[in-house]
Amino acid sequence: MSDAPVHDASHRDASHRDASDRDAPHRDASDRDASPRDAGDHPPAPRTVLDARDVSRALTRISHEILERNKGSDDLVLLGLHTRGVPLARRLGERIAAVEGTPLAVGELDVTMYRDDLRSQPTRASRKTSLPPGGIDGLVVVLVDDVLFSGRTIRAALDALADLGRPAAVRLAVLVDRGHRELPIRADHVGKNLPSARTERVSVRLTEIDGVDEVTIA
Amino acid sequence: MKHLLSIDDLSADAIQEVFTTAADMHDVQSREVKKLPALRGRTVVNMFFEDSTRTRSSFEIAGKWLSADVINISAKGSSASKGESLRDTVLTVCAMGVDGLVIRHPASGAAQQVSEWVEASVVNAGDGMHEHPTQALLDAYTLQRRLGSLEGRHVAIIGDLTHSRVFRSNVLCLTRLGARVTVVAPPTLMPSGIATWSAAAGFETSYDVDAVLPEADAVMMLRVQRERMAGGYFPSAREYTVGYGLTRDRLARLKPDVPICHPGPMNRGLEIAADAADAAQSVILEQVSSGLAVRMAVLYHLLAGEDA
């Protein structure tokens, strides 16, 4: 086809951006939307806010909070939001299972199709959504994500959940809450409240994906 | 990706990306609410200047499950039957603010031509004897789900190659994904000049079904397209079946569990025996549900992002 090279070029561009999006340490949605900073501007070196032990302690605390709030792990499902909410949900699931002595249902949720910024971005590849075999009807769903920022990802997740079933309740657990909400959404369980400027970058790295557990701000 | 006109426009990575999305779309089909909001507010027009059941309904459902508004226009009952040119018909429809145009046309190259006239994203849903890219994508997707990977696997494509756009798109798609492809047809239904193409594209040709079948990891039967034949390609239907049909005897000589595909509509008893079409290893109905998932993925990739 005569215009094939054009397609190839645009596709390469899109897939490159997608790949870098997946590989880069996660920043939340609005951060990803930000245009690249002025090259002449020297951002300060990243400052570590949570190290591996802090992350571990935060997750242990959150898992106990979830149990306390829910009065046990019956009727409880953890759903991790892609990308870094998924390993976090698994870790919380393991901790809760260890305390309660019974395995806990953990799934993963992809909200790509429900985002409100699909149209202002190059096409994003979607990821897998997998629910526990019994579904989520009548259960208490705890959404797990790494960073809570604008709240738009969680808005999308709530829409996705509505299409997947009718949970008895939905709660939200995040490793970091950095503020700057654009929607009336708040987290029930927070690993660390991290006051930040809008222009700062909060990066969460997790062993499963990045080889190290840490949260940095720059 | 702005248009999908030919498999040639897609790299192996791009194909796999469509498959990844298709796998998610496949999961949506088993949900109670079979609807995603990704294409809310977008309009897709299916323009079919040739008869079709599965492709058109599949694109229609795909668009609707992604929340797009879908309109169907067929040549019969449209202004095309009053003598309006393709260009005028397409420009008229696009003047109504269409985002995606799915087009099937009996002329090879029609989709390509249309893509040069309009702003909308164009999907080729079959142009004459040239290409049918979404069919090839769904075939490869179905086979990849069955076989794990297509790398190094041997796929036999058997039937009316001359008139088949499915075969052309499939050869491009399967070889790009690393499969070894052998195409089989009677000499009269082997496209002229195929020797040059097969040498360049790296696939094999054969006239001998019985030599190829026992070696194959997947079998794709093509429809004998009687509507495109002026006759004289083979002496009788019976003779075609004996020479090139997937009969009960040939079915028994396949490697165990080799998936059998057919793009449909089937001529049962001509190119494929009922025993083969309904065999446990037949993936013909799976192809239909895969087709829906793949078309959802294609519409998503073409229409969801800012470049659409």
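**Exercise 1.** What percentage of the 308 residues of chain B count as buried, and how does the radius of gyration of chain B stand against that of a compact globule?

*Solution.* The model is a predicted one. Begin with burial, where a residue qualifies if 20 or more other C-beta atoms lie within 10 Å of its own; by this criterion, 49% of the 308 residues of chain B are buried. Next take the radius of gyration: a compact globule with 308 residues would be expected near 19 Å, and chain B agrees because its own value is 19 Å. Finally, the C-alpha trace of chain B spans about 55 × 45 × 35 Å along its principal axes.

**Exercise 2.** Describe how the two domains of chain B meet.

*Solution.* First set the bounds: domain 1 of chain B covers 7–131 + 288–303, while domain 2 covers 133–287, and their C-alpha centres lie 25 Å apart. Then count the contacts, in which 24 residues of domain 1 of chain B meet 20 residues of domain 2 of chain B. On the domain 1 side, helix H1 (12–29), strand E4 (121–127) and helix H12 (284–303) of chain B each give two or more residues, and the largest share, seven residues, comes from H12(B). By residue class, this side of domain 1 of chain B holds 12 nonpolar, seven polar and five charged residues.

**Exercise 3.** Characterise the side of chain B that touches chain A.

*Solution.* Start from the contacts, which join 27 residues of chain B to 23 residues of chain A. On the chain B side, H1(B) gives the most, with seven residues. Sorting the residues of that side then yields eight nonpolar, eight polar and 11 charged.

Terms used
Residues are numbered from 1 along each chain as its sequence is written. Chains are lettered from A and ligands numbered from 1 in the order in which they are written. This is a predicted model: local features need pLDDT of at least 70, side-chain atom pairs count only at pLDDT 80 or more; totals for chains, interfaces and linings use all residues. Domain bounds come from an automatic or database domain assignment. Two residues are in contact if their C-beta atoms, placed from the backbone, lie within 7 Å. Helices (H or I, at least four residues) and strands (E, at least two) are DSSP runs, numbered from the N terminus. Ala, Val, Leu, Ile, Met, Phe, Trp, Tyr, Cys and Pro count as nonpolar, Asp, Glu, Lys and Arg as charged, and the others, Gly among them, as polar. The radius of gyration is taken over C-alpha atoms; the globule rule is 2.2 Å times the number of residues to the power 0.38. A residue is buried if 20 or more other C-beta atoms lie within 10 Å of its own, exposed if 12 or fewer, and partly exposed in between; C-beta atoms are placed from the backbone.
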